[in-house]
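Me: I'd like a close look at one part of this model, with every term spelled out as you go. Could you stay with that part for most of your reply and keep it friendly for a beginner?

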Amino acid sequence: MSVDATAAVPEVRAAAWSALGTGVRIVVHGTALDAARGVVEELLDRVDRTYSRFRPDSELVALNARAGETVAASPLLLDAIEIALWAARDTNGAVDPTVGRAMRAIGYDIDFRQLPADAGSLEIRLEPIPGWQSVELSRTRGTVRLAPGVELDLGSTGKAWAADLAAAAVAADARARRGGASRAGRASADDRPVGVLVSLGGDIATTGTPPDGGWRILIAEDSETPLDALGETVAIAGGAIATSSTTVRRWRRGETAIHHLVDPRTGAPASSPWRTVTVAAPSCVLANTVATDAITGGSAGFERLLASGRPARLVATEGTIHRLNGWPDPAAVVEPLA
Amino acid sequence: MQPAPDRSPAERDRAVDRVRRLTIGSTIAGMVGLGAFGGLAALSDSGMSTDGVTTAAISDASSGGAATTAPAPTASTDQSATTDDSATSGSAATTDDSSSAVTQSSGTAHATSGGS
């Protein structure tokens, strides 16, 4: 566990580790870092056991293996699938959870860290994915039925939603702890505001009160970029920022470079004029959905991004950066006269 | 694949935000039962809604009469699984756009947003 005090903002503490096959970072103020980390670790463990595609004992793997049957699902899995179905409906199928089989077909069938960067050529039979309409979900019965042959991959929305959940859970835990201390008559400095930031592989959710100046976010193509690296830094007072990119989680099979963002219309890695899209929105799952849609949804996805009004930063395949919907332009900064 | 009906940006934001809030409530409430959290009162914290303490809130919303127009988000055979935008009400369903405004900043970042 690495813990650091983020410079220039007193009482802000951070921790970083790995989970869900990606980097996790939490930043808190007004509450204990260790407790916050414990909450996030427990939540991510539940998420991993519930809807990881790479754990043979996960509930999602069991569900995928029983396509064609009506299967009882845990509330967490029901929620995760419902979120994914909403994203699919919201993007007219461009961000669709029924890409599981397509992901396996392109070779992404194990945890990415174990995926060879360059393996032998792969013969792929591409086909459109089944689509989110092939999933039946009953809230009242607590069941899910996938049409025969359908496999879900909740990676697109699942990680972002987990970030939303984690930030909310830490804030909830902080309030509960304060309530407990108050009931026990213990004095504390608990009128301090609480602020929480959770980043799961660069999908960032916040809740509560931001530090002075806001939550500072370095925008990069790779979420592993060091915090003090040169680059574009923005601030948000709340809400979330998420980035989708074809520049990471790339591998080669023979002569072909492959990435993990599948175009549901073809079942192949999306061909997009954008290699990286970052979006700010009130929730991380919404930001991630809009960002991914801009890459996998073609021109319609880009139009939906424009219409959404969400601040967005897009990097074209050749590297040109475009800023939309109020995303600040660094070149527009005017230094005040002394 | 049948196309989804056209909806305004505000409608789609409300729809996704509503599901998010409901499911966050239900998930964290579930964890309370495992001893991870101190109590349901905590659910009233910023960004969360107490209206989603149980997953039934979703089906309740769509079966309570207010839901009449939205298409099913899935090919569900169970109408209770249909979440309806028109059932959205109150502040819990309101998307706060002001919270996602982006401004320029400088200095060491708290986090990096990038692909992963």
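Reply: What follows is a walk through one corner of chain A, with a few side trips at the end.

First, some housekeeping. Residues are numbered from 1 along each chain as its sequence is written, while chains are lettered from A and ligands numbered from 1 in the order in which they are written. This is a predicted model, where local features need pLDDT of at least 70, side-chain atom pairs count only at pLDDT 80 or more, and totals for chains, interfaces and linings use all residues.

As for that score, pLDDT is the predictor's confidence in each residue, from 0 to 100. Chain A averages 86, and 82% of its residues score at least 70. Residues 1–10 of chain A are below 50, and this stretch has 19 contacts in the model beyond near neighbours in sequence. A contact here means that the C-beta atoms of two residues, placed from the backbone, lie within 7 Å.

Now to our corner, starting with a sheet. Helices (H or I, at least four residues) and strands (E, at least two) are DSSP runs, numbered from the N terminus. Three strands of chain A form an open sheet in the order 4-7-6, with antiparallel pairing. Its edges are strand 4 (70–72) and strand 6 (135–138) of chain A, each of which pairs on one side only. From one strand to the next, the twist averages 20°. Two strands count as paired if DSSP finds at least two bridges between them; strand 6 and strand 7 of chain A have 4, in the antiparallel sense. Take Leu137(A): its bridge partner in strand 7 of chain A is Val144(A).

What packs on this sheet? Helix 3 of chain A does, touching strand 6 and strand 7 of chain A, and its direction makes about 130° with that of strand 6 of chain A. Axes are lines fitted to C-alpha atoms, for helices over the stretch in contact, and angles run from 0 to 180 degrees between N-to-C directions.

Helix 3 (75–90) of chain A also has a helix partner. Two packed helices are described by the angle between their axes and the distance between the axes. Helix 1 (33–51) of chain A packs against helix 3 of chain A at about 80°, and their axes are 10 Å apart. So helix 1 of chain A is roughly perpendicular to helix 3 of chain A. (Under 35 degrees is roughly parallel, over 145 roughly antiparallel, 65 to 115 roughly perpendicular, and the rest oblique.)

Who meets whom there? Arg46(A), Thr50(A) and Tyr51(A) come from helix 1 of chain A, and they meet Leu76(A), Leu77(A) and Ala80(A) in helix 3 of chain A. By class, that makes 4 nonpolar, 1 polar and 1 charged residues. The nonpolar set is Ala, Val, Leu, Ile, Met, Phe, Trp, Tyr, Cys and Pro; Asp, Glu, Lys and Arg are charged; the others, Gly among them, are polar.

Two leucines help tie the picture together. Leu154(A) is in the loop between strand 7 (143–146) and helix 5 (155–183) of chain A. Leaving out residues up to four places away in sequence, Leu154(A) touches Tyr51(A), Leu60(A), Ala80(A), Ala84(A) and Pro97(A). Is it buried or exposed? Leu154(A) counts as buried because 24 C-beta neighbours are inside 10 Å. The cut-offs are 20 or more other C-beta atoms within 10 Å for buried, 12 or fewer for exposed and anything in between for partly exposed, with C-beta atoms placed from the backbone.

The other leucine, Leu63(A), belongs to helix 2 (59–65) of chain A. Leu63(A) is buried too, with 22 other C-beta atoms within 10 Å. Again skipping residues up to four places away in sequence, Leu63(A) touches Val71(A), Ala73(A), Val144(A), Leu146(A) and Leu152(A).

Now the side trips. Leu20(A) has a positive phi of about 55° although it is not a glycine. You'll find Leu20(A) in the loop between strand 2 (13–19) and strand 3 (22–29) of chain A, and Leu20(A) is buried, with 21 C-beta neighbours inside 10 Å.

Finally, one sheet uses both chains: an open sheet of 4 strands runs 1(B)-11(A)-10(A)-2(B), with mixed pairing. Its edge strands are strand 1 (102–104) and strand 2 (111–115) of chain B. Strand 10 (215–222) and strand 11 (232–236) of chain A pair in the antiparallel sense over 5 bridges, and Trp215(A) stands opposite Ile236(A) in strand 11 of chain A.
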